Amino acid sequence: MAVADTLQSRARARPRLVTAVVSVVGYALVFGAFGGVLPLPEFSRDVVILLGDAIAVVNSIALLAIIAGVYFIKNNQVKKHRAAMLTAFTLIMVFLALYILKVGGGFEKEIVAEGAVWTAYIVMLAVHILLSAVSVPVVVHAVVLGLTHSPAELRETIHARVGRIAVSAWGLSLFLGLVTYVMLNHIYGWVPR
């Protein structure tokens, strides 16, 4: 318990540093997977497809947890808000593990669509990727503040402001990711790239 208390007090004293370190580790893992630097196993096409489906399920539940968290805090149910947001954050960690395995272990898909549909898909995918990258430090900072301060203390921090930005960026990113997943896998189809 003394180690946990020490870590919490250090994180409380330097939440921006903790945010930066956790964010850099997350980015490094993703870039390592894309760059082939991480020693990841190769999977069959069926396993890669299954990982993509699992990611969609995890992200759907994470989005529902975020929506629930917003509902709870608007109704002053702080403990339920905290539980919902920590659930969403945990699910995003699960997503990260699945995503790294998927990217490192298989092939990429290209949507079978043309014209306005293809353009809309690419724009939504680009916004999804941009928001997911930008939201990492904001989400991490909100979580660090939430875990290191009591509800009363949080009122004296930027947690609420950061949380609103995090929820907006993170929620929209998850939503657009799900829309592009459905378009790619269930409406228009795909070919290997």
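## Starting with one residue

Let's begin with Val134, which sits in helix H5. Is Val134 buried, exposed or something in between? Its relative accessibility is 46%, and because buried means under 20% and exposed means over 50%, Val134 counts as partly exposed. Keep in mind as you look around that this is a predicted model.

Val134 also shows how a chain can fold back on itself. Along the sequence, Val134 and Ala169 are 35 residues apart, yet their C-alpha atoms are 7.8 Å apart in space.

## The overall picture

Now zoom out. The protein has 193 residues, and 35% of them are buried. Its secondary structure adds up to 7 helices and 2 strands. Going along the sequence, you meet them in the pattern α-α-α-α-β-α-α-α-β.

If you drew a box around the C-alpha atoms along the principal axes, it would be roughly 50 × 40 × 20 Å. What share of the contacts with a separation of 6 or more comes from residues 24 or more positions apart? The answer is 81%.

## Two helices, H3 and H4

Helix H3 runs over residues 45-74. H3 has 30 residues, and the distance from its first C-alpha to its last is 44 Å, close to the 44 Å expected at 1.5 Å a residue. Helix H4 (78-105) can be checked with the same kind of sum: its 28 residues should span 40 Å at 1.5 Å a residue, and its end C-alpha atoms are 40 Å apart, so the two agree.

H4 has plenty of buried residues, including His81, Met85, Phe89, Leu96 and Val103. What covers them? The cover over the buried residues of H4 includes H2, H3, H5 and H7.

## The loop between H3 and H4

Asn76 is in the loop that joins H3 to H4. Its phi is near 55°, which is a positive value in a residue other than glycine. With 58% relative accessibility, Asn76 counts as exposed.

## The nonpolar cores

In soluble globular proteins, nonpolar side chains tend to be buried together. Here, the largest nonpolar core holds 23 residues, and those touching the most other members are Ile66, Phe89, Val139, Trp170 and Leu174. Which elements give two or more residues to this core? They are H3, H4, H5 and H7, and H3 gives the most, with 8 residues. Apart from this core lies another one of 5 residues, among them Ile111, Ala113, Tyr121 and Leu184.

Phe89 is a good residue to click on. Not counting residues up to four places away in sequence, Phe89 touches Val139, Val140, Val143 and Trp170.

## The largest pocket

Rolling a probe the size of a water molecule over the atoms shows where empty space is left. The largest pocket has a volume of about 1500 Å³. It is lined by 48 residues, and the closest to its centre are Phe34, Phe95, Tyr99, His128 and Ile129. The elements giving two or more residues to this lining are H2 (15-35), H3, H4, strand E1 (109-111), H5 (115-148) and H7 (159-187).

Which element gives the most to the lining of the largest pocket? That would be H5, with 12 residues. Sorted by class, the lining of the largest pocket has 32 nonpolar, 11 polar and 5 charged residues.

## The second largest pocket

The second largest pocket has a volume of about 740 Å³. Its lining is made of 29 residues, with Ile73, His81, His159, Ala160 and Gly163 nearest the centre. His81 has already come up, as one of the buried residues of H4.

At least two lining residues of the second largest pocket come from each of H3, H4, H5, H6 (151-154) and H7. By class, the lining of the second largest pocket has 16 nonpolar, 8 polar and 5 charged residues.

## One more loop

Finally, look at the loop between H6 and H7, where you'll find Thr157. Thr157 has 23% relative accessibility, so it counts as partly exposed.

Which residues does Thr157 contact, leaving aside its neighbours within four places in sequence? They are Leu145 and His149. Thr157 and Leu145 are 12 residues apart along the chain, and their C-alpha atoms are separated by 7.9 Å.

Definitions and conventions
Residues numbered from 1 in each chain as written. Predicted model: local features only at pLDDT ≥ 70, side-chain atom pairs only at ≥ 80, totals over all residues. Heavy atoms only, no water. 1 Å grid on protein atoms, 1.4 Å probe; cavity = no way out; pocket = protein on both sides within 12 Å on 5 of 7 lines; lining within 4 Å. Points joined across faces, edges and corners; volume = space filled by probe spheres on them. Helix = DSSP H or I, 4+ residues; strand = E, 2+ residues; numbered from the N terminus. Nonpolar A, V, L, I, M, F, W, Y, C, P; charged D, E, K, R; others polar. Expected span 1.5 Å × (residues − 1). Buried < 20%, exposed > 50% of the residue type's maximum accessible area, 1.4 Å probe, protein only. Contact = heavy atoms within 4.5 Å. Core = buried A, V, L, I, M, F, W, Y, C linked by side-chain atoms within 4.5 Å.
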